[in-house]
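Student: I would like a close look at a single part of this assembly, taken slowly and with its surroundings included. Could you choose a place where chains meet and work outwards from there?

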Amino acid sequence: MMRDTAVGSAMVTKPKQSSELKRRLIKNRALYQMILPGFLFFVIFKYIPMGGLVIALQDYQPYLGILNSPWVGFEHFERLFSEPMFFTILRNTLLLFFMNMVFYFPIPIILALMLNEVRREAFKRIVQTVIYIPHFMSWVIIVSISFVMLSMDRGIINELLVLMGLEKINFLMSNEWFRPMYVLQIIWREAGWGTIIYLAAMAAIDPGLYEAARMDGANRFRQMWHITLPSIRSVIVVLLILKIGDVLELGFEHIYLLLNSMNREVAEIFDTYVYTAGLRQGQFSYSTAVGFFKSVVGLFLVMGANWLSKKAGEDGIY
Amino acid sequence: MAKKKAGTLLAVLTAFAVLTACTGNSGGSTNNAAGSNTNTQTATETPAETKKEPVKISIMANLHTPEVPDQAIEKLIEEATNTELEIQWVPDGSYDEKMNASFATGTLPQATYIKNQTSLVMMRDAIRNDQFWEIGPLLDQYPNLKNLQKEVLANTSVDGKIYALYAERPLSRQGFIYRKDWADKLGLSAPTTTEEFFTMLEKFTTDDPDGNGKNDTFGMTDRSDFVYGAFKTVASWFGTPNNWGMQDGKLMPEFMFPQYMETLEFFKRIHSAGYMNQDFPVTSKTDQQSLLLTGKAGVYVGSMGDVAGLDTKILEVNPDAVLDVHHKVSGPNSEYGIWAIPGFGSVVLFPKSSVKSEEELKNILSFYDQLMSPELTNMIYWGVEGKHYTMEEGKVIPSTDTAMTDREVKPYMSLQIGGPVTIDGFLEAKHILPSKAKAEELIVDNNNYLIHDPAAALDSLTYNQDGARLQEIIKDASYKFMLGDIDAAGYQAAVDQWLEQGGQKIIDEYNASHTAAQ
Amino acid sequence: MVQDKSLGSRIFDIVNYTLLIIIALVTFLPFIHVIAGSFTTVGELAQKQFVIIPTVWSLDAYEYIFSTNTIIKSMGVSVGVTFFGTLFSMVLTALMAYGLSRRDLDGRSGIMFIVVFTMLFSGGMIPTFLVVKELGLIDSLAALIVPTAINAFNLIIMRNFFQNLPDGLEESAKIDGCSDWGILLRIVIPLSMPAIATISLFYAVTYWNTYMTAILYLNDAAKWPVQVILRQIVILASGLTADTSGMDDFVRPPEQTVKMAVIVVATLPILLVYPFLQKHFAKGALLGSIKG
């Protein structure tokens, strides 16, 4: 972080240090030139609009604008923390997040490892292209297809269960089946797409390493374990940290489509709650306050994860 | 060089900061100024100017069709009204987002359509704060606009003042569609009481109405919609009030009436016996209709107008299927009645941020007055005679090329103001499908049995802010009761929760508003 | 390359191939349903919940879609936005990512933190709209590109790839008298084709899927990209808004077959991009360029 370098340079004998810094700045000026356009982008399109976050402390009305809306302090945050559903929602969000981490996150890695072992290029390309397709289907379509399949009334799955002499299962309206259904749909839609980054990282591995390993008699699993995985470790770490920052972002549209009166207890998350309680009624300030709360939680988790990864000798993300 | 860059960077940053700050500012203050001062000023300054120049009018309207329309009809309207229209079409699914963003950034066009009653309620606060032109006192100057019904305008009003023009909708299209061939086969006539209705659902499930020897049919197909699905209509049969009702001289929400509970129990009976789709709380409209179309279910409660689409499609699947519609069903303790909408669909508001003077407002109103003439209304509704429809016995026969009318005419229906009741000379369709013709008749007949929402024109601050969330409590409890997850005590607990978390305030506020209105 | 022919290796291959085939089938079947559904009649689609091969073939849905040139024109817009957007994004992202990948750069982790921060905190729709408006981008296709030019996630991934390039490349290049620009253009970029292909794909897909910004920033419907129309059709055909507008009696929603056909038409072009990028993911793609 910037603070570290600044403090560091202030500590040691000033004049020499600052001229040293100046020299490095000049030496690297080309790099700063490269960074500048992107930096401006972030300032203009991200940081200037971020001023809008102050409406979390206001009773914002679109027609009054930010400057004229009345200030209400932390009222919206107080409302959030005193919502009767607050702890249910927090629990739901965290549980879904952990299920995501445990059941979804490793799958693209495993799938990429499997694809990486395929020697026939044509086969590999076809499989790759096919497993990306679900990523392009919107949640509206995916949820509607799966509802038809899982329906109690004439859904294929339940008819199969009946054929096998089993009881019908009420997948769509039960607390027990909501989470598995949610995670499976994510796996179905995103697992193939998620392999791309890992495959790109694997493309950079020197094939000589595998040859050497084979000479030493390493079987395919050992090669994966000792060569492929370590080579993509830093990508995994980066993705893991970024994913952790998304802890409270579970995909509004997806969950909103799956949510109903019978599974609300386990399915309601911050975004869906805010949608019904706030946005639908034009309560921008409250929605912003909830968003801000989520961001703060995400920030702490990312900072923690980044710190841990640096402790473990990885680069981290900043 | 680095210094120069830094300098420019700083300049750009400050420029942005200033720009955004300015917008935020002007969004509020100049608008207010325009509201109170400018209108009187400009009105005196510029009396009727050159009439020749076409008036430019910008409009934001809801797009209900896949594609934006071909401009032919727009051109005809422009010629007839001497205007130059700039229509911003906004896809239905994102209309409120776009409208809110435009509103907050001061970029609303001169005529802004508001989707429906729910969205209008959200705008109440802004309307009250002088963001839109009040048009009530002006309407009498316009020969067509003055025909808009006072009662319906009152339902759109805020604090008794009228700000909006409205598009008319049939007051109640509710009823049910059923398989006539199944009913005939089982010797059933159209049910007139809720018990007969129950019997029909039962027989459709147990007596093999399709005669295939398999137990693969059930009575009713419903969807996850408390209002436009079956529930609210059946609740009307039992005599439940429409959203709010009078109890001991006090307004109370529908779900605190015993009739609502009777309806819940009725649904529970139907559901637990397997006479309706088991998944109805999560069934989409498409899936609900497909259960009827594929001969799984025989009764569809909802808008009787849907029969037109269903009838054509069901014949593709099963040429022997016959659909019929029916409306009048009475409950055990009540005469037939049916809930009504407040009489309007979308409305148009005129933002002060874009309509700068009263004169501009009058120009726009004059455009809408002309648009409400029978000629132009028929054009935006039916299209051009000879191309989009033909006439027979004074009635319209729409072209069978629906793809063409979808593209050239139907999107413009969003612009419609008024309707059959308020426009003399609005052409009616000659329905070729007997079921559709009957549905239209019954929709008109429903007007004799309407149950109105006594709170439609009333206001409750708590409801505006928290009503939607509180409503979820009731919705959840109602579904859980119908599915047998909770009992009457559990339902009562949910109602108590509703009262405690703000419902009592809503009741009090509506009653106060009701007293004030009288 | 020497092939490993041991028994264990063969069993591994058999299991691996079989699993991959099953996975591919499971992911592909629903899409087959969509494709088959687009080539059949409304009646058949209503009757079956899952169509793999239509019993009745029909091109009605496609005829409906292509009876005007709206879809084709909007595809043109999408292709243009995707192409120029990806190009623009890649230039900005690669430059910034490379600058930030150099460990000897002062302030590097501070800038990275500034970037990461934007992934968590955002001002929301309305303030962004104001910036776009003040820049005069409303109703311009640039509004679909410029405000989303750099995706922080992609930037971080790109930087990570650059950081993982073999150490010493830069040092030796510097000794050869290369400037930082020279190193980036002549050495780093050619060595990073898998990463560039990956991130380009991510950007291309994001631009292709753009619809909300188009609805917000483009008032002129003639400039809408295909996703706006796709989404409109999907939402109308799924009956998600029909009741509240009260228009369903007058305007009939598009047929399910039309919905399927539009999904197919709007998805195919972006799927076709992938095979072009695929060769950069081949194993050892990098090695050749290092040694060569």
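Tutor: What follows starts at one helix and its neighbours, and then widens to the chain that holds it and to the other contacts of the partner chain.

The model is a predicted one, and the part I would pick is helix 3 of chain B, which is mostly covered, since eight of its ten residues are buried. The buried residues in this helix are Y95(B), D96(B), M99(B), N100(B), A101(B), S102(B), F103(B) and A104(B). What do these buried residues of helix 3 of chain B pack against? Within chain B their partners are strand 1, strand 2, strand 3 (111-114) and helix 4 (117-128), and from chain C they meet helix 6 (125-134) and helix 11 (212-217). Just past the end of helix 3 of chain B, the backbone at G106(B) adopts a positive phi of about 65°.

Helix 3 of chain B also belongs to a wider boundary, where 47 residues of chain B are in contact with 45 residues of chain C. On the chain B side, at least two residues each come from helix 1 (2-45), strand 1 (55-63), strand 2 (83-91), helix 3 (95-104), helix 10 (285-293), helix 11 (307-317) and helix 14 (402-408). Sorted by class, that side of chain B holds 15 nonpolar, 20 polar and twelve charged residues.

Strand 1 and strand 2 of chain B, which helix 3 of chain B packs against, are members of an open sheet of five strands with mixed pairing, ordered 2-1-3-12-4. Strand 2 and strand 4 (165-168) of chain B lie at the edges of the sheet, each pairing on one side only, and from one strand to the next the twist averages 20°. At one end of that order, strand 4 of chain B pairs with strand 12 (residues 344-349) of chain B in the antiparallel sense over three bridges, and Y166(B) has V347(B) in strand 12 as its bridge partner.

Chain B as a whole gives the setting for this sheet. Its secondary structure amounts to 17 helices and 15 strands, and 48% of its 518 residues are buried. Among contacts in chain B with a separation of 6 or more, 79% join residues 24 or more positions apart. The domain assignment divides chain B into domain 1 (51-170 + 343-415) and domain 2 (174-339 + 436-457), and the centres of these two domains, taken over C-alpha atoms, are separated by 33 Å.

Two further places in chain B deserve a look. In helix 12 (residues 358-371) of chain B sits S366(B), which lies 8.7 Å from T81(B), C-alpha to C-alpha, although 285 residues part them in sequence. Is S366(B) buried, exposed or partly exposed? It counts as partly exposed because 17 other C-beta atoms lie within 10 Å, while a buried residue would need 20 or more and an exposed one 12 or fewer. The second place is a hairpin formed by strand 13 and strand 14 of chain B with two residues between them, where E393(B) in the turn has a positive phi of about 50°. Strand 13 (residues 389-392) and strand 14 (residues 395-398) of chain B run antiparallel and are joined by four bridges, with Y389(B) opposite P398(B).

Turning to chain C, we can follow its contact with chain A, which takes 81 residues from chain C and 73 residues from chain A. Helix 1 (residues 7-38) of chain C gives the most to the chain C side, with 13 residues, and by class that side has 51 nonpolar, 24 polar and six charged residues.

Helix 5 (residues 108-120) of chain C meets helix 3 (residues 29-50) of chain A in a left-handed crossing, where the axes come within 11 Å and cross at roughly 35°. Here I35(A), F39(A), F42(A) and K46(A) meet I111(C), I114(C), V115(C) and T118(C). Inside chain C, helix 5 packs with helix 7 (residues 152-163) at an angle of about 140°, their axes 9 Å apart. That contact is made by V115(C), V116(C), T118(C) and M119(C) of helix 5 and A152(C), F153(C) and L155(C) of helix 7, a set of six nonpolar, one polar and no charged residues.

How values were computed:
Residues are numbered from 1 along each chain as its sequence is written. Chains are lettered from A and ligands numbered from 1 in the order in which they are written. This is a predicted model: local features need pLDDT of at least 70, side-chain atom pairs count only at pLDDT 80 or more; totals for chains, interfaces and linings use all residues. Two residues are in contact if their C-beta atoms, placed from the backbone, lie within 7 Å. Ala, Val, Leu, Ile, Met, Phe, Trp, Tyr, Cys and Pro count as nonpolar, Asp, Glu, Lys and Arg as charged, and the others, Gly among them, as polar. Axes are lines fitted to C-alpha atoms, for helices over the stretch in contact, and angles run from 0 to 180 degrees between N-to-C directions. A crossing is left-handed if the near helix is turned anticlockwise from the far one by less than a right angle, and right-handed if clockwise. Domain bounds come from an automatic or database domain assignment. Two strands pair if DSSP finds at least two bridges between them.
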